[in-house]
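Q: Got a minute to go through this one with me? I'd like to start with a salt bridge and work outwards.

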Amino acid sequence: MTACPEEHEELAYNVFAKACPSRGTLEHVTGRWGALTLGALHEGSLRFNELRRRVDGVSEKMLSQTLHALERDGLVHREAQPTNPPRVDYELTALGREIAGRLLALIESVEGSMDEVLAARGRYDEERGAR
């Protein structure tokens, strides 16, 4: 395990340090497609095309890259069945489930605050447009 340059002694890893490996994982988890993929898989195991339909707007290439990154980080498990045609299922690992649960709480908070967000955007746009 590689520790990061620390500013805070209580942290083994410091996402604010540019060389810390936790920063890459944070990017995988909080990027648009990573967060949506983890959230979708929190509902249960999905095949690639099911997942692609659930995460509306993601391309095959981006979903594939996202799944590879999340699998490498130990958040997603890929199970390939030796059938014809091959069947591949994706599901969250225990760590992925924990992180997805926290992400879903954030997502629900954002969704629940959208009236306030939209009102703030309107005020901001009015103020900027009036200048």
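A: Sure. Glu-98 and Arg-102 both sit in helix α5, 4 residues apart, which is about one turn of the helix. This is a predicted model, by the way.

Q: OK, and how far apart are the closest N and O atoms of Glu-98 and Arg-102?
A: They are 3.6 Å apart, and the two residues form a salt bridge.

Q: Why would a spacing of three or four places suit a pair on a helix?
A: An α-helix has 3.6 residues a turn, so residues three or four places apart point the same way.

Q: Is Arg-102 buried or exposed?
A: Exposed, with a relative accessible area of 60%. Glu-98 is partly exposed, at 45%.

Q: How many salt bridges does the count come to?
A: It comes to 4. Another one joins the side chains of Arg-52 and Glu-60, at 3.5 Å from N to O. Arg-52 is partly exposed with 32% relative accessible area, and Glu-60 is partly exposed too, with 48%.

Q: What about Asp-89, which residue does its side chain meet in a salt bridge?
A: Arg-87, at 3.0 Å from N to O. Asp-89 counts as buried, with 11% relative accessibility, while Arg-87 is partly exposed at 34%.

Q: Switching to the sheet. What's the strand order?
A: It runs β1-β3-β2, an open sheet of 3 strands with antiparallel pairing. The edge strands are β1 (46–47) and β2, each pairing on one side only.

Q: How many bridges join β1 to β3?
A: There are 2, and the strands run antiparallel. Leu-46 has Tyr-90 as its bridge partner in β3, and Arg-47 has Asp-89. That's the Asp-89 whose side chain meets Arg-87 in a salt bridge.

Q: And β2 with β3, over how many bridges do they pair?
A: Over 6, again in the antiparallel sense. The two strands form a hairpin with 5 residues between them. One of the bridge pairs is Gln-81 with Arg-87 in β3.

Q: Moving on to α4. What's its length in residues, and how far does it reach?
A: It covers residues 60–72, so by the 1.5 Å a residue rule you can check its span. With 13 residues, α4 reaches 18 Å from first C-alpha to last, close to the 18 Å expected.

Q: Which residues of α4 are buried?
A: Leu-63, Thr-66, Leu-67, Ala-69 and Leu-70. Seen down the axis of α4, these buried residues fall within an arc of 165 degrees, so they line one face of the helix.

Q: What's exposed on the other side of α4?
A: Lys-61 and Arg-72 are exposed there.

Q: And what covers the buried residues of α4?
A: The cover includes three helices, α1 (21–30), α2 (32–41) and α3 (48–54), along with strands β2 (76–81) and β3 (87–92).

Q: Just after α4, which residue takes a positive phi?
A: Gly-74, with a phi of about 80 degrees.

Q: Now the inside. How many residues are in the largest nonpolar core?
A: There are 21, and those with the most contacts inside it are Leu-38, Leu-41, Leu-51, Leu-67, Val-76 and Tyr-90. The elements giving two or more residues to this core are α2, α3, α4, β3 and α5 (94–112).

Q: Which of those gives the largest share?
A: That's α2, with 5 residues. Helix α2 is mostly covered, with 8 of its 10 residues buried. Among them are Trp-33, Leu-38 and Leu-41.

Q: Does any general tendency fit a nonpolar core, and what is it?
A: In soluble globular proteins, nonpolar side chains tend to be buried together.

Q: Last one: leaving out residues up to four places away in sequence, what does Val-76 touch?
A: Its contacts include Leu-38, Leu-41, Leu-67 and Tyr-90, each listed with Val-76 for the most contacts inside the core. Val-76 also touches Leu-70, Glu-71, Glu-91, Leu-92 and Thr-93.

Technical notes:
Residues numbered from 1 in each chain as written. Predicted model: local features only at pLDDT ≥ 70, side-chain atom pairs only at ≥ 80, totals over all residues. Heavy atoms only, no water. Buried < 20%, exposed > 50% of the residue type's maximum accessible area, 1.4 Å probe, protein only. Arc of directions from axis to C-beta. Contact = heavy atoms within 4.5 Å. Pairing = 2+ DSSP bridges. Core = buried A, V, L, I, M, F, W, Y, C linked by side-chain atoms within 4.5 Å.
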